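Thank you all for making time this morning. I would like to take you through one model, piece by piece, so please keep the sequence and the view in front of you while I talk.

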Amino acid sequence: MTTPIELFNTLSGKTETFKPMKGSEIRMYTCGPTVYDFAHIGNFRAYVFEDLLRRVLKLNGFKVHQVMNLTDVDDKTIQGARSKAITLAQFTEPYIKAFFEDLDQLRIERAEHYPRATEFVEEMIRLIETLLKSGHAYERDGSVYYSIKKFPNYGKLSKKTVSGNMAGARVDQDEYAKDEPCDFALWKKAAPDEPSWPASFGCGRPGWHIECSAMSMKLLGASFDIHTGGEDNIFPHHENEIAQSEGVTGKPFVRYWLHCRYLLVNNEKMSKSKGNFFTVRDILAKGHDPGALRYLLISHHYRQPLNFTLDSLRAAEKTVRRLNDFYVRFTEAETSTAAPKSAVRETEKAREEFRSLLSNDLNMPEALAVFFGWMNEANISMDRKILTLDGKQAGLAFLEDFDRVLAVFEKDPAEVPAEVRQLVEAREKARAGRDFRRSDELRDLIRQAGFLVEDTSKGVKVKKL
Ligand SMILES: [Zn+2]
C-alpha cells in the first residue's frame, strides 16, 4: 500500500493530498533555462527539486510525463546573438548542450520532452489570435499586450492585487507603449536585425510568458497536474501563464503549483557583482564532486532557505563518501546463519517511514534522519557479525529506494554512462521478472555500448570491455 502524497500548493496556500487527473499518469511542466549563458547553482536548486519530486512520484508507482522548456528566444538570447554577430541558433546551441551536460553531472533524470520555444511559435501565434478575439489582448504599435483587467482572477497565484501590492511592480522589461503599466507583452514588434516571425497581427517575436503557455498546453493539454519552478517565477511569470492559458481555454490551467525557494550563497542572493555567483562548471572546476553538489541541494527541504557555502559543500562531500563506504560495506557484508532473529522488521519500518516522509511534501531532512538512524544500527549489526540473510535483503531493498531518490551511490567506480546504467537497470528488472530473453537482449545492447555486465554473489558488476 502506498501512502497518500501531500504537496504544498502555492495556488491554495495549503498542503493538499495529491490526486492526479488521469489514473496514475502525472502530467508535469517545469520552467526550464533561458539558454543565453551557463545555468547557475541557484537554477539547479530548482532543477534538483523537480528531479526529487519526479523520483518520489515514481517511487510511489506513478508514471510521470514531464515537459521542460528551453527558452531559446527572448531579449537576452537575441542580445547575445547580436553581440557576437551570429544567428540565434548558433548562439543558443552551445548553452543547450552545456545544460544537458550539467543535468547529467547532477544526475537529474531526463524529462520526457525538452521543447524549444522557437519550434512552437505557430502555437503561440494561435493563442494570441484567440486572446485578441476574446478581448483579453490588444494591439498597440505593432506589439500585442495582455490586458490584465480583463482577467478578474489575475493575482490568484501570487495573491497580488492590481490596486494593491501589484501597482508599480515591474511586470515586464519592455519599453513599449501599453494601456496599463501592469499589462504585459504577448508579442513584440519586429525590430531591425532581430529574428521575427510573420503573424496576422504583425511581424514580430513572442514574449517570454506566452512561450510556456503554448508549449505546456500543446504537449500536456489545456489542464494538467503539476507546474513547478523557482519561487521567483510565481510573479509575474506564472501569474501571466495562468492569465494567458485560462483566458484562451476558460478551463483551470494547472491543479498543483509547486515552487522551490531560491538559493543563497554566503547568506546573500547570488549576483555577479557580489562575486558569489557560481555555475555548476565553476564548482566542478574547483575540483568538487558533482555528487556532493547534488546531495547538498537535495538534502535541504525545498521550501526552506538554503545557504550555500564552500564549507557546506565540503561537508556534503564527507557525507557522500560516508554513504558510499556504507553502501560498499553493506552490499559486500557476509551474513550469519547463527545470528538471533534479525532486524528485518526494524529495517522495513525505517524504509516505510523514509517513503512516507518523502511523500509528505518531500520532507527530505527527516527522511535522511531516519535513514542515518538505520545506517548506524546496520553498522552495529555488521560489527557484531549478526547480519542475517533476510536482514540483508531488507536492507538492500531500503538502499535501492534510497538511491532511486537520492542517486548518490557510486555503483561502479568505472565511468558508466547514463544510457548504459539505464540498460543495466532494465536488465535487472527483466531478470527479477524472470524474463531471461529480454535480459539477454539487454546484455547484448550493453556489450554493444562497450560494457560487460556480470552477475556475482555480491550483485551486478559492470566493467568496461
Ligand atoms: Zn515558464
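Let me begin with a pair of helices, α4, which covers residues 121-134, and α6, whose axes come within 9 Å of each other and cross at roughly 70°. Please bear in mind throughout that this is a predicted model. Since angles of 65 to 115 degrees count as roughly perpendicular, α4 and α6 are therefore roughly perpendicular to each other, and the crossing in which α4 passes α6 is left-handed. If you want to find the place where they meet, look on α4 for L127, T130, L131 and S134, which contact Q244, G247 and V248 of α6.

Staying with α6 for a moment, we come to the metal site. Which protein atoms are the donors of the zinc ion? They are SG of C31, SG of C212 and NE2 of H237, and they lie 2.0 to 2.2 Å from the ion. Along the chain, these donors follow the spacing C-x180-C-x24-H. C212 belongs to helix α5, residues 208-220, while H237 belongs to helix α6, residues 234-249, so this pair ties together parts that are 25 residues apart in sequence. Both C212 and H237 are buried.

The remaining donor, C31, sits in the loop between β3, residues 25-30, and α1. Is C31 buried or exposed? Its relative accessibility is 7%, and because the cut-off for buried is under 20%, C31 counts as buried. If we set aside the neighbours within four places in sequence, the residues in contact with C31 include the other two donors, C212 and H237, together with Y47, M68, N69 and E241 among others. I would also point to T71, which is 40 residues from C31 in sequence, with a C-alpha to C-alpha separation of 8.9 Å in space.

Finally, let me turn to a sheet. Three strands form an open sheet with mixed pairing, in the order β12-β11-β13, and its edge strands, each pairing on one side only, are β12 at 268-269 and β13 at 306-308. Strand β11, residues 263-265, pairs with β12 in the antiparallel sense over 2 bridges, and within that pairing V265 of β11 stands opposite E268 of β12. Helix α1, residues 41-59, packs on this sheet, where it touches β11 and β13, and its direction makes about 145° with that of β11. That returns us to the loop holding C31, which lies between β3 and this helix, α1.

How values were computed
Residues are numbered from 1 along each chain as its sequence is written. This is a predicted model: local features need pLDDT of at least 70, side-chain atom pairs count only at pLDDT 80 or more; totals for chains, interfaces and linings use all residues. Side-chain values use heavy atoms; hydrogens and water are left out. Two strands pair if DSSP finds at least two bridges between them. Helices (H or I, at least four residues) and strands (E, at least two) are DSSP runs, numbered from the N terminus. Contact means heavy atoms within 4.5 Å. Axes are lines fitted to C-alpha atoms, for helices over the stretch in contact, and angles run from 0 to 180 degrees between N-to-C directions. Donors are N, O and S atoms within 2.8 Å of the metal (3.2 Å for Na, K and Ca); water is not among the atoms, so sites may look incomplete. Buried means under 20% relative accessible area, exposed over 50%, partly exposed in between (1.4 Å probe, protein chains only). Angles under 35 degrees count as roughly parallel, over 145 as roughly antiparallel, 65 to 115 as roughly perpendicular and the rest as oblique. A crossing is left-handed if the near helix is turned anticlockwise from the far one by less than a right angle, and right-handed if clockwise.
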